[in-house]
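Here's a quick briefing to read with the structure open beside you. It goes topic by topic, so feel free to jump around.

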Amino acid sequence: MITILFGFFACVGPVETPADDTPARDTAGTHLAIDPPHQALQLSADEALATVEETLVDGLPDVLNLHALYEDVMRHRELGDPGCPTYEDPTSTGPGGNWFDRGCTTAEGWTYFGNAVTLHIIGVNPDGYPIDAVGSSASFQITDPNGATFVGGGGYNLDRLLIEDGRLSLFGTFGGTYAYPGVEGWLHDGVEVSLFFDGELNHNGVGDTPGQLRIDGGVGRAEGQLSFRELIVERGETMRLSGQIDLRDPSGYWFHLALEGSERPCGTLWAEGLDEQEVCLSDQVVLGLDALVTNMETM
Amino acid sequence: MIPARALLTMMLCVSCGGEPAENLPDPPQKDPPTRAPALSEAARYGEPLDAPRLLRRISLDLLGVLPSEDQLRRVSEDPSSLETITDELLSDPRLEDRFVHLLNERWLTRVDAFNLEPWDYGLSEEQTYNFLRSIGEEPLRIAARVLVEDQPWTEVVTADWTMANELTAEIFPIQYPEGAEGWQVSTYTDGRPAGGVLMTNGLWWRYYTTPNNFSRSRAAALSRLFLCEDFLLRPISFESPALLDRESLNAAIREEEACAGCHSALDPLASALFGFWWFDLYDPTELSRYHTEREQLGVYYLETDPAWFGTPLQGAVDLGPTLAADPRFKTCAVRTFAELLWRRGVEVEDLSTLETLRAGFVAAELRPKALLRLLLAGPEYRVGALTADAPDEVADRLSTARLMSADQLATSIGDLTGFTWTFEGWDQLDNDELGYRVLLGGVDGVTVTSPLRDPALSRVLAQKRLAQGAGAAVAAADLHPDATTRTLLTEVTRDSRPGDPVFTAQLEALSWRLYAVPLDAERQAELEALWTAVAAVDGSERMAEIAWASVLSVMLRDPRFEVL
């Protein structure tokens, strides 16, 4: 009985009348309206824009780059039974496949700890279209002979399909935490990533119709944490950006930058308690996204 | 009393189908007659424990140990000293540990398995027990610290600090006081917003989500634990469409009325929890850090912005303050404390009592010790027997005799005898991997989520071994010729025999210490007979030790010991 009663309170919200001065009120009787204390933004609009650019200065994390790096690192594995690391299939010789190890070191000085399963498929799908797909699910720490540790936890997949008219259809997910100070670029200082890709590009950049890549999700680096909402990168003669890029303020609130899709990467920046402002991203950001698209459309 | 409109509305809205309250028929216009508040069932039909037994119950509930001989003496000489002694107990540092165990009966975070194991962090297998408890206790330690410092209870969900020990400080991104030891106030360094227990790894390791659940189970847990509102108890009825992918599932949740009844509130709440979203459920890096860049992923996965039962949230940063400002949070705190201390669920008949407690809690600015004092002073807590005219259903509802919980057994016997039961680094009374926590009536947090309320065979067996171990340890230590300190056998020596004044004095002291009741002649005769019989069977020079071990073993599994 008591459960039903408490459940009822939940259904329609504020039936009970607080005896204290809680800032809660009944709004039309359909939900509970609460106005908790809010914090102030810590960044100014200019600082927010600068942070967006700093976060993207090395471009967005690229699944294909990461996969290639992983394969390079795994080529240093020690073959055998057991090898180092221990592969599910001890007869395998390549960098892909499924391995698990609680820590081993090769004669060459590479240490493998954790587990990973990766694949790279190059072939033709049942409809006859050429396909190139990479995928991974992993939790590893691989230390190179110089002492730099490649940390990977999470997973990714990127499926690219060559369809009619030289068009490349792709979709993918890239989520996890990755770092490798042994290389330069976005991976050097570590990155937390939760990106979703979907689009249709021109195979090797050749085509009359502009390619489009949609990006959702987020990327976190030491410089800043960004979140993308239907960010559309349209690549024709010029690159156009539309959709939204959000930046997390250290207070925990978010700045929002809505890009208008014009030839210049400009749009409106706003946040709770901040007047809207018209701002433009630098060419550096555009170049970074351009590099990502170029890599994805090359197959 | 429940207002007539609320009762009427309740009867019409049990389906939680989302019908707005204003569509309900108008309530009767006639005001109910004014009446004096009715006595609660406990006040009407309950008889309180006497002062020593009540002190025993309070001491076990607050500290997990029996009252000291001095406290028993004071309260038997002057029952009004109970209030002063209760204040002393509320200031005792052992309150913190005890509350960790008590609140765990509700939050259920002290589990025996997480997605990760010590070796994932390079720790040894011997650290498994410490690993599990360090992580599982994190949210409980925050609440316990708020309690012992008597901070407003809202701090539990708004604090910008956490509790960490050496182990969690090593494996999580936590700033821990340099050179400190044990549980300490600490801070995460990964950018997670303030939010008390809502922003702890410990809570969300226990209540994890899966790739197709999208934090909904976590939102449901949050609602259940902090609002006492369980989405799973809402009745639903619908024909299931094909829900094979995220898009069709989200569409059904929005469009099917039966789904929307829960998901219209659940999903926006889940959308605020994506900072704890993991792309690999078994990766230490993913599970150790809060992911600020994922806070808005709910928009992608659930297609809804974060909101709190209709109130938009700007982000996870608003979660704790909004929960703290929700009137249901206070009501739930009162209900939670009441259920834990009354050792029973609350019923409709308790609502007026709960409302009184809630008013007192609010008047005390949500200080948890004030709420504890109110609860401990109430007839529902103090009831030890029923009046002759008590109806049977009242006897079923009121908890007049309460079994010691598994942790109370462990801590009270440990405090009395110094006996602890460990095996390969595990506390055998506090785990179910190798030990006997559930057998003793405890919760494992996953498959057993409510403590044992009535005697059971498994408990009898486990407690028998515990009592035997403790009795033997005490007898061996206390009766050793070179013993300099003694725990329970303070009066006798190996040469004492039944009939000796010291022997009788020893049994009297034990009865008073263990049960807070005087020794009666019948019980004395039984214990003396037991001692004599065991000594006769053994006959060696250790016969006194063995006989006393048997007597202590029996006394420690007497219902008067394990009932409070």
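**The strands of chain A**

Let's start with strand β8 of chain A, residues 167–179, where 10 of the 13 residues are buried, so the strand is mostly covered. Bear in mind throughout that this is a predicted model. The bullets below follow the neighbouring strands, then turn to chain B, the shared core and the confidence scores.

*Partners of β8(A)*

- On one side, β8(A) pairs with strand β7 of chain A (residues 149–162), running antiparallel over 12 bridges.
- Within that pairing, L168(A) of β8(A) sits opposite L162(A).
- β7(A) and β8(A) make a hairpin with four residues between the strands, and D165(A) has a positive phi near 60 degrees there.
- β8(A) also pairs with strand β9 of chain A (residues 191–202), again in the antiparallel sense and over 12 bridges.
- Look for T173(A) facing F196(A) of β9(A) if you want a landmark in that pairing.

*On to β10(A) and β11(A)*

- β9(A) pairs in turn with β10(A), antiparallel, over nine bridges, and V193(A) stands opposite V219(A) in β10(A).
- Why is strand β10 of chain A (residues 211–220) largely enclosed by the rest of the structure? Eight of its 10 residues are buried, and a residue counts as buried when 20 or more other C-beta atoms lie within 10 Å of its own.
- β10(A) pairs antiparallel with strand β11 of chain A (residues 225–235) over nine bridges, with R214(A) opposite I232(A) in β11(A).
- Those two strands, β10(A) and β11(A), form a hairpin that has four residues between them.

*Chain A as a whole*

- Chain A has four helices and 15 strands.
- Buried residues come to 40% of the 299 in chain A.
- Among contacts in chain A with a separation of 6 or more, 45% join residues 24 or more positions apart.

**Chain B**

*Overall picture*

- Chain B contains 28 helices and nine strands.
- Of its 564 residues, 50% are buried.
- For contacts in chain B with a separation of 6 or more, 63% are between residues 24 or more positions apart.
- Chain B has a radius of gyration of 27 Å, which agrees with the value near 24 Å for a compact globule of 564 residues.
- Along the principal axes, the C-alpha atoms of chain B fill a box of roughly 80 × 70 × 45 Å.

*Helix α24(B)*

- Helix α24 of chain B covers residues 457–478, and at 1.5 Å a residue its 22 residues should span 32 Å; the end C-alpha atoms are 31 Å apart, so the two agree.
- Its buried residues include R459(B), A462(B), L466(B), A470(B), V474(B) and D478(B).
- As a rule, residues three or four places apart on an α-helix point the same way, because there are 3.6 residues a turn.
- The buried residues of α24(B) pack against α23 (406–417), α27 (543–555) and α28 (559–562) of chain B.
- Is L457(B), in helix α24 of chain B, buried or exposed? L457(B) is exposed, because it has 8 other C-beta atoms within 10 Å.
- L457(B) and L440(B) are 17 residues apart in sequence, with their C-alpha atoms 9.5 Å apart in space.

*Helix α18(B)*

- Helix α18 of chain B (residues 327–342) is mostly covered, with 13 of its 16 residues buried.
- The end C-alpha atoms of α18(B) are 23 Å apart, in agreement with the 22 Å expected for 16 residues at 1.5 Å each.
- R343(B), just after α18(B), takes a positive phi of about 60 degrees.

**The nonpolar core**

- The largest nonpolar core has 216 residues, and those touching the most other members are V52(A), L55(B), A143(B), L375(B), W548(B) and L552(B).
- Beyond its neighbours within four places in sequence, L552(B) contacts G471(B), V474(B), A475(B) and L488(B).

**How far to trust it**

- For the complex, the predictor gives an ipTM of 0.87 and a pTM of 0.89.
- Chain A averages a pLDDT of 88, and 89% of its residues score at least 70.
- Over residues 1–30 of chain A, pLDDT is below 50, and this stretch has 65 contacts in the model beyond near neighbours in sequence.
- Chain B has a mean pLDDT of 91, with 92% of its residues at 70 or more.
- In chain B, pLDDT stays under 50 over residues 1–33.
- Where pLDDT is low, the predicted coordinates should not be read in detail.

Technical notes:
Residues numbered from 1 in each chain as written. Chains lettered and ligands numbered in written order. Predicted model: local features only at pLDDT ≥ 70, side-chain atom pairs only at ≥ 80, totals over all residues. Rg over C-alpha atoms; globule rule 2.2 N^0.38 Å. Buried ≥ 20, exposed ≤ 12 C-beta atoms within 10 Å, placed from the backbone. Contact = placed C-beta atoms within 7 Å. Core = buried A, V, L, I, M, F, W, Y, C linked by C-beta atoms within 7 Å. Pairing = 2+ DSSP bridges. Expected span 1.5 Å × (residues − 1). pLDDT = per-residue confidence, 0-100.
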